[in-house]
Amino acid sequence: MAQKRRFILSIDGGGVRGLIPLRILETLENRLNQRGIGAGLHKVFDLMAGTSTGGLIAAGLSAPRPGGNMGEAAATIAELRAFYERDARDIFNNSITTRLARAVTNPYGLFDETYDARPLEKLLKERFGWTSMASALTKLVLTAYDIEQRKAVFMTNGLEENGSRPDDYYFWQAVRATTAAPSFFEPARVENLTRKRDEALVDGGVFMNDPAVAAYLEARKIGWDQDEIVILSLGTGKAPERPFPYKEAIGWGGLGWMQPSKGVPILSIFSDGQSQTAAYQAAHLFGDLPNVTYYRLNAELAPDGEDMDNARPGNIIALNGAADVVIRDNTIFLDDLADMLKEHAENRETDAGPTELVHAA
């Protein structure tokens, strides 16, 4: 059997900082359009993986659009960009009016989540409808963590280790789960369609903010072990000049480590540390594998740009600026990648049959 080339897209978590990888994908899509390749990135990437905000992007680009044309993705790059630049302000709304309203409904809510998940859930239902992950237009994996069964969850439409089909989930609930960052949003209650049970899931960033290795392992389970695999891993930015001073940290206590006004230091450290470690390990692991090519793109942020919920206009401008720097510094690489993806799209053989909407209501 002739060796095939498989392209994998992996996107980190990071809240509103998802605008950075989205902008990189935007310029990649523009390059493909210039080369005569359109119809969405699910046509060129054989597998997409995402954690948290990366999961939202991956799902948007690979889920079928409810009521749309055959093969049309749930969201375009332009629609996703509007989500980060406009809708995110409504989701990360912590105005005085909002806080007072929540205080009335939950007067003892000292430990309540920072944000009401209902605006996000409304947008997800409108975007994804009631289609399930089995309907995805390409292979997909989203990460989450089950707080009741105490286990990592990889929501996918691929295969299990024994070759069986994986558990299926509604798209909108899977995205709600992978974006359920502790302290920001309450855990997601999702329906496992295969096992006919509800599960309590939180953001996959608590254990795997960078899902590149998970994406590779998913590819191996599908049977791509003899194929040439190209992995594009996109970060959501890092702020190396934002320290958490020792003199402050020693007095934080449990509440201080989780305090949103400080950027939720414990989550920031967990996600940043895992992303750094995963990228380092992936570079060395994949560098030793003859059939795997690994590319990692990430941006540097100003100290106040790291907060995953900073959707203020000034920070949106700063995030766009950080993305512009990555795009400028990797112009030649992005051109070369677009050429590779063009060739792949023109010769791609899909492993799946015609897409059908599954579990549509």
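**Salt bridges, helix packing and backbone geometry**

A salt bridge joins Asp 339 to Arg 35, with 2.6 Å between the closest N and O atoms. This pair connects distant parts of the chain, since Asp 339 belongs to helix α12 whereas Arg 35 lies in the loop between α1 and β2, 304 residues apart. Both partners are partly exposed: Asp 339 has a relative accessible area of 39%, and the value for Arg 35 is 22%. The model is a predicted one, and all features described here were computed from it. In total, the structure contains 24 salt bridges. Side chains of opposite charge can pair when their charged atoms come close.

A further pairing between distant parts of the chain involves Arg 127 and Glu 79, whose side chains form a salt bridge with an N to O distance of 3.1 Å. Arg 127 is located in helix α5 (residues 118–128) and Glu 79 in helix α3 (residues 77–91), with these positions 48 residues apart in the numbering. Arg 127 is partly exposed, at a relative accessible area of 28%. Glu 79 is likewise classed as partly exposed, at 29%.

Helix α5 also carries a salt bridge between the side chains of Lys 122 and Glu 126, with N and O separated by 2.6 Å. Because these two residues are four apart in helix α5, about one helical turn separates Lys 122 from Glu 126. Lys 122 has a relative accessible area of 51% and is therefore exposed, the cut-off being over 50%. Glu 126 is exposed by the same criterion, with a relative accessibility of 53%. Beyond these pairs, a network of salt bridges links Arg 23, Glu 26, Arg 81, Glu 85 and Asp 324.

Two packed helices are described by the angle between their axes and the distance between the axes. Helix α1 (residues 19–34) packs against helix α12 (residues 331–347) at an angle of about 55°, and the axes are 9 Å apart. The two helices α1 and α12 are therefore oblique to each other. The crossing of α1 past α12 is right-handed. On the α1 side, the contact is made by Ile 24, Thr 27, Leu 28, Arg 31 and Leu 32, while α12 contributes Thr 331, Leu 334, Asp 335, Leu 337, Ala 338, Leu 341 and Lys 342. Classified by residue type, this contact of α1 with α12 comprises seven nonpolar, two polar and three charged residues. Helix α12 thus takes part in the packing against α1 and also holds Asp 339, the partner of Arg 35.

A second helix pair, α2 and α6, packs at an angle of about 160°, with 8 Å between the axes. This angle is over 145°, so α2 is roughly antiparallel to α6. The helices α2 and α6 cross in a right-handed manner. Gly 55, Leu 56 and Ala 59 of α2 are in contact with Phe 171, Val 175 and Thr 178 of α6. The contact of α2 with α6 consists of four nonpolar and two polar residues, and no charged residue is present.

Most residues other than glycine have a negative phi, and most peptide bonds are trans. Ser 52 has a positive phi, near 55°, although this residue is not a glycine. Ser 52 occupies the loop between β2 (47–50) and α2 (53–62). With a relative accessibility of 4%, Ser 52 is counted as buried. Ser 183, also not a glycine, has a positive phi of about 80°. The position of Ser 183 is in the loop between α6 (171–178) and β5 (188–192). Ser 183 is buried as well, its relative accessible area of 18% falling under the 20% cut-off.

The loop between α6 and β5 also contains Phe 184. The relative accessible area of Phe 184 is 4%, and this residue is therefore buried. Phe 184 and Glu 79 are 105 residues apart along the chain, and their C-alpha atoms are separated by 24 Å. In contrast to the buried Phe 184, Glu 79 is partly exposed and engages Arg 127 through a salt bridge.

Note on methods:
Residues are numbered from 1 along each chain as its sequence is written. This is a predicted model: local features need pLDDT of at least 70, side-chain atom pairs count only at pLDDT 80 or more; totals for chains, interfaces and linings use all residues. Side-chain values use heavy atoms; hydrogens and water are left out. Axes are lines fitted to C-alpha atoms, for helices over the stretch in contact, and angles run from 0 to 180 degrees between N-to-C directions. Angles under 35 degrees count as roughly parallel, over 145 as roughly antiparallel, 65 to 115 as roughly perpendicular and the rest as oblique. A crossing is left-handed if the near helix is turned anticlockwise from the far one by less than a right angle, and right-handed if clockwise. Contact means heavy atoms within 4.5 Å. Ala, Val, Leu, Ile, Met, Phe, Trp, Tyr, Cys and Pro count as nonpolar, Asp, Glu, Lys and Arg as charged, and the others, Gly among them, as polar. Buried means under 20% relative accessible area, exposed over 50%, partly exposed in between (1.4 Å probe, protein chains only). A salt bridge is a side-chain nitrogen of Lys or Arg within 4 Å of a carboxyl oxygen of Asp or Glu.
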